[in-house]
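Visitor: Pick one part of this model and take me through it up close, please. After that, show me how it sits in the rest of the chain.

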Amino acid sequence: MDRSGIFAGDDPFAIARSWLAEAEPLEPNDANAIALATVDGTGLPNVRMVLLKDIEPAGFVFYTNYTSRKGREIEVSGKAAFVLHWKSLRRQIRVRGLTSREEGPQADEYYASRSLKSRLGAWASRQSQPLSSRTALMAEVAKVTASKGTNPPRPAFWGGVRITPLEIEFWADGAFRLHDRFRWERSTPEEGWKIERLNP
Ligand SMILES: Cc1cc2nc3c(=O)[nH]c(=O)nc-3n(C[C@H](O)[C@H](O)[C@H](O)COP(=O)(O)O)c2cc1C
């Protein structure tokens with residue numbers, strides 16, 4: 001297959017890491033922001049931005065509140081998809097896959113790396129639930145600040161979600177809308193990848 005340059009190599013995680021590293025100095029903010037898609041029980045899709053925190057050897061990890069809307073939808077379906085898009089590079093990466101929680105030492109370590117205010121914020125926010133006022137949220141922050149101290153543990157309802165992909169597609173802008181697209185595909189995480197070039 002005529003695959004070289006920015007698409008070179010057979011490890012899609014390595015390509016994703018290298019594209020993100022290229023985008024980081026070019027994007028004004030959050031080069032690691034992904035639009036994360038889930039579906040509710042009726043099949044109605046839902047999408048929102050989250051930050052991609054790890055590109056591992058075999059998975060993508062972001063952090064959130066497990067009781068949030070996305071958290072609950074992922075719990076039920078066990079699936080999610082996301083897209084990374086960099087306007088600076090005119091490239092996108094699309095991922096579809098199976099989800100699992102990362103709630104061990106890796107999640108503890110990431111939680112501990114955050115600012116104290118963010119750590120307390122995770123305790124204070126009942127993410128996605130109705131909130132009567134900003135004042136009520138600030139009162140909750142004051143309450144957890146008093147009760148959790150300066151070294152709060154990671155809340156059990158907050159942690160990582162790992163997406164183990166079944167599909168990863170790399171897209172790069174080409175002249176006259178003749179873009180380059182390559183898809184890595186497999187039907188289970190145990191299988192090897194089938195790699196194909198796609199029509200733009
Ligand atoms: C750039 C950006 C990054 C965000 N990163 C996160 C994140 O890493 N985790 C998270 O839970 N929410 C993040 N949010 C907020 C989510 O978009 C969303 O509002 C929140 O998670 C609730 O979504 P839900 O009700 O569908 O669960 C981010 C929002 C933006 C705009």
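Guide: Let's start at A142, which is in helix α5. Keep in mind that this is a predicted model. Is A142 buried or exposed? A142 counts as exposed, because there are 12 other C-beta atoms within 10 Å of its own, and 12 or fewer is the cut-off for that class. A142 also has a link back along the chain: its C-alpha is 8.6 Å from that of A124, although 18 residues separate the two in sequence.

That brings in the helix on the other side, since A124 is one of the α4 residues that make the contact with α5. The two helices are α4, residues 116–124, and α5, residues 134–148. How do they pack? Their axes are 9 Å apart and meet at an angle of about 115°. So α4 is roughly perpendicular to α5; that class runs from 65 to 115 degrees. As for handedness, α4 and α5 make a right-handed crossing.

Now for the residues at that crossing. From α4 come L120, G121, W123 and A124. On the α5 side you'll find L137, E140, V141, V144, T145 and K148. Sort the contact by class and you get six nonpolar residues, two polar ones and two charged ones.

Let's walk through the loop that joins the two helices. S125 sits in this loop between α4 and α5, and S125 is partly exposed because it has 18 C-beta neighbours inside 10 Å. If you'd like a longer ruler, try S125 to V76: the pair is 49 residues apart along the chain, and their C-alpha atoms are 22 Å apart. S128 belongs to the loop between α4 and α5 as well. What should you look at in the backbone there? The phi of S128, near 80°, is positive, and this residue isn't a glycine. S128 has 15 C-beta neighbours inside 10 Å, so it counts as partly exposed.

Past the other end of α5, we come to G149, placed in the loop between α5 and β6. G149 has 11 other C-beta atoms within 10 Å and is therefore exposed. Check its C-alpha against that of L116: 9.5 Å in space, for 33 residues in sequence.

Let's step over to T67 for a moment, in the loop between β3 and α2, the helix of residues 69–77. Which residues does T67 touch, once those up to four places away in sequence are left out? They are R72, Q127 and F157. T67 is partly exposed because it has 15 other C-beta atoms within 10 Å. Going back along the chain from T67, P12 is 55 residues off in sequence and 31 Å off in space, C-alpha to C-alpha.

Where's the interior, then? Look at the largest nonpolar core, which has 21 residues; A80, F82, I93 and V95 are the ones touching the most other members. The elements that each supply at least two residues of this core are helix α1 (12–23) and strands β1 (33–39), β2 (45–55), β3 (60–65), β4 (79–86), β5 (91–102) and β6 (158–172). Zoom in on I93: leaving out neighbours within four places in sequence, I93 is in contact with A16, W19, L84, I168 and F170.

One more loop is worth a stop. F176 is placed between β6 and β7, the strand of residues 180–185. Phi of F176 is near 55°, again a positive value in a residue other than glycine. With 6 C-beta neighbours inside 10 Å, F176 counts as exposed.

Finally, pull back to the whole chain. There are five helices and eight strands, and from the N terminus the order is α-β-β-β-α-β-β-α-α-α-β-β-β. The C-alpha atoms fill a box of roughly 60 × 35 × 30 Å along the principal axes. Buried residues come to 18% of the 200 in the chain. And of the contacts with a separation of 6 or more, 59% link residues 24 or more positions apart.

Definitions and conventions
Residues numbered from 1 in each chain as written. Predicted model: local features only at pLDDT ≥ 70, side-chain atom pairs only at ≥ 80, totals over all residues. Axes fitted to C-alpha atoms, helices over the stretch in contact; angles between N-to-C directions. Helix = DSSP H or I, 4+ residues; strand = E, 2+ residues; numbered from the N terminus. Parallel < 35°, antiparallel > 145°, perpendicular 65-115°, else oblique. Left-handed = near helix turned anticlockwise from the far one by under 90°. Contact = placed C-beta atoms within 7 Å. Nonpolar A, V, L, I, M, F, W, Y, C, P; charged D, E, K, R; others polar. Core = buried A, V, L, I, M, F, W, Y, C linked by C-beta atoms within 7 Å. Buried ≥ 20, exposed ≤ 12 C-beta atoms within 10 Å, placed from the backbone.
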